[in-house]
Amino acid sequence: MRSIWNGAISFGLVSIPIKLVNATESHSISFRQIHTEDGGRIRYRKFCEVEDREVTSSEIGKGYEDADGTIVPITDDDLAQLPIPTAKTIEIVAFVPADRIDPLQMDQAYYLAAGGAPAAKPYTLLREALKRSNKVAIAKYALRGRERLGMLRVVGEAIAMHGLLWPDEVRAPEGVAPDADVTVRDQELDLADALMDTLGEVDLEDLHDEYREAVEEVIAAKAAGEAPPESPSRPAGGKVLDLMAALENSVRAAKESRGETAPPEEEAEVRHLPRETSRAAPKATGGKKSTSTTKKARTTPRKSTSKTTEPTKKTTASTSGSTAAKKTSAAKKTTTTKKSASTTKKTTQPRKRSA
């Protein structure tokens with residue numbers, strides 16, 4: 001791979017000569033601009049406004065336009081002599097946990113190749129130190145006319161550097177989230193979780209650019225003088241009126257695409273919430289009420305018995321309940337005992353007189 005920048009990594013007092021290599025490449029299809037009437041190429045020519053003639057790339061340099069329109073020429077030598085340590089050096093300034101880096105800051109990725117045999121030892125030292133610490137290095141470097149922020153991490157047996165946006169270059173998500181106060185029900189969250197579980201994980205190596213493949217098919221067909229392939233018909237997307245139904249259909253479709261058939265009871269378990277158990281508690285309490293009613297029905301004969309035994313105490317028995325009935329019954333027993341005792345005394349007196 002061709003290097004795009006040569007310099008060194010500054011790791012404290014250790015200097016590691018490196019070469020910067022692009023870690024990614026674009027496979028997107030590029031198009032040329034043509035004249036639609038005759039197919040002729042449309043080209044952009046670079047003209048000098050002073051001489052009114054086309055110039056070559058070797059004649060083109062850099063210049064900064066001042067506020068009054070004045071152009072200040074800037075050469076590559078001027079930029080190479082910038083009074084900053086990062087002009088030709090990737091200066092490591094800190095080591096932090098990887099989760100401290102916001103993915104929104106991620107930019108272009110590069111590989112850092114060791115610059116010759118003398119760089120092998122310090123390069124390996126930095127790589128192993130990053131591995132053992134489970135951290136990433138934050139560095140500053142200058143590339144393409146500006147100072148940049150970078151993150152160094154280990155990829156396999158190499159050190160990679162991700163260009164980072166400066167924190168003030170990341171915009172705050174103001175006005176992006178919905179303004180309305182939306183409440184998501186637990187049933188909807190359960191179905192969303194079920195859909196996530198059904199879709200599962202994927203091996204990123206299995207994903208590919210279907211759009212680029214389709215464009216290549218169209219180009220190949222037209223180059224061969226054939227009609228381009230027709231796009232497959234897709235179901236018209238309707239307006240989602242019932243979120244629960246849409247989630248259920250999504251779970252069902254995801255399972256069918258994987259060759260799975262969800263039994264009805266499994267779908268019912270997804271829709272049910274643990275909260276429904278607490279909602280069913282009042283029903284159980286209602287059952288207890290019926291039990292207490294049965295107990296009252298069973299105690300009714302006791303009330304009727306006390307009423308039959310003591311007709312003169314109907315009002316008292318109905319108001320004071322079974323406790324009053326028991327007291328009345330006990331009092332009657334005591335009275336009956338006393339009457340029988342007095343009767344016995346009267347009966348024994350005549351016997352004494354006859355004696």
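Before we start, one cut-off: buried means under 20% relative accessible area, exposed over 50%, and partly exposed in between. The structure above is a predicted model, and these exercises walk through it piece by piece.

**Exercise 1. Trace the salt-bridge network around Lys-131, and classify its members Lys-131, Glu-128 and Glu-157 by exposure.**

Step 1: Begin inside helix 2. The side chains of Lys-131 and Glu-128 form a salt bridge, with 3.7 Å from N to O. These two residues are 3 apart in helix 2, so about one helical turn separates them.

Step 2: Now look outside the helix. Lys-131 also meets the side chain of Glu-157 in a salt bridge, at 3.3 Å from N to O. Glu-157 sits in the loop between strand 10 and strand 11 while Lys-131 belongs to helix 2, so this pair ties together parts that are 26 residues apart in sequence.

Step 3: Apply the cut-offs. Lys-131 has a relative accessible area of 33%, so it is partly exposed. Glu-128, at 35%, also counts as partly exposed. Glu-157 reaches 51% and therefore counts as exposed.

Step 4: Complete the network. Arg-127 joins Glu-128, Lys-131 and Glu-157 in it. The structure holds 12 salt bridges.

**Exercise 2. Find the distance between the closest N and O atoms of Lys-140 and Glu-147, and classify both residues.**

Step 1: The closest N and O atoms are 4.0 Å apart, and the two residues form a salt bridge.

Step 2: Lys-140 has a relative accessible area of 28%, which means that it is partly exposed. Glu-147 is partly exposed as well, at 27%.

**Exercise 3. Work out the strand order of the barrel, and place helix 2 against the sheet.**

Step 1: Follow the strands around. The barrel is closed by 7 strands in the order 1-2-8-11-10-9-7, with mixed pairing. From one strand to the next, the twist averages 40°.

Step 2: Zoom in on one pair. Strand 10 (residues 146-155) runs antiparallel to strand 11, and 7 bridges join them. One bridge to inspect links Gly-150 to its partner Gly-163 in strand 11.

Step 3: Add the helix. Helix 2 packs on the sheet and touches strands 1, 2, 7, 8, 9, 10 and 11. Its direction makes about 85° with that of strand 2.

**Exercise 4. Describe the largest nonpolar core and say which strand gives the most to it.**

Step 1: Take the size and the best-connected members. This core has 20 residues, and those with the most contacts inside it are Ile-9, Ile-18, Ile-90, Leu-112, Leu-126, Leu-152 and Met-161.

Step 2: Assign contributors. Elements that each supply at least two residues include helix 2 (120-133), strand 1 (3-11) and strand 8 (106-114). Strand 9 gives the most, with 4 residues.

Step 3: Follow one residue. Leaving aside residues up to four places away in sequence, Leu-126 touches Ile-9, Phe-11, Ile-16, Ile-92, Phe-95, Leu-152 and Ile-159.

Step 4: Check for another core. A second, separate one has 7 residues, among them Val-96, Val-136, Met-151 and Leu-164.

**Exercise 5. Locate Asp-52 and Asn-134, and decide whether each is buried or exposed.**

Step 1: Asp-52 has a phi near 55°, a positive value in a residue other than glycine. Asn-134 has a positive phi of about 55° although it is not a glycine.

Step 2: Asp-52 lies in the loop between strand 3 (47-48) and strand 4 (53-54). Asn-134 lies in the loop between helix 2 and strand 9.

Step 3: With a relative accessible area of 61%, Asp-52 is exposed. Asn-134 is exposed too, at 63%.

Terms used:
Residues are numbered from 1 along each chain as its sequence is written. This is a predicted model: local features need pLDDT of at least 70, side-chain atom pairs count only at pLDDT 80 or more; totals for chains, interfaces and linings use all residues. Side-chain values use heavy atoms; hydrogens and water are left out. A nonpolar core is a set of buried Ala, Val, Leu, Ile, Met, Phe, Trp, Tyr and Cys residues joined through side-chain atoms within 4.5 Å. Buried means under 20% relative accessible area, exposed over 50%, partly exposed in between (1.4 Å probe, protein chains only). Contact means heavy atoms within 4.5 Å. Two strands pair if DSSP finds at least two bridges between them. Axes are lines fitted to C-alpha atoms, for helices over the stretch in contact, and angles run from 0 to 180 degrees between N-to-C directions.
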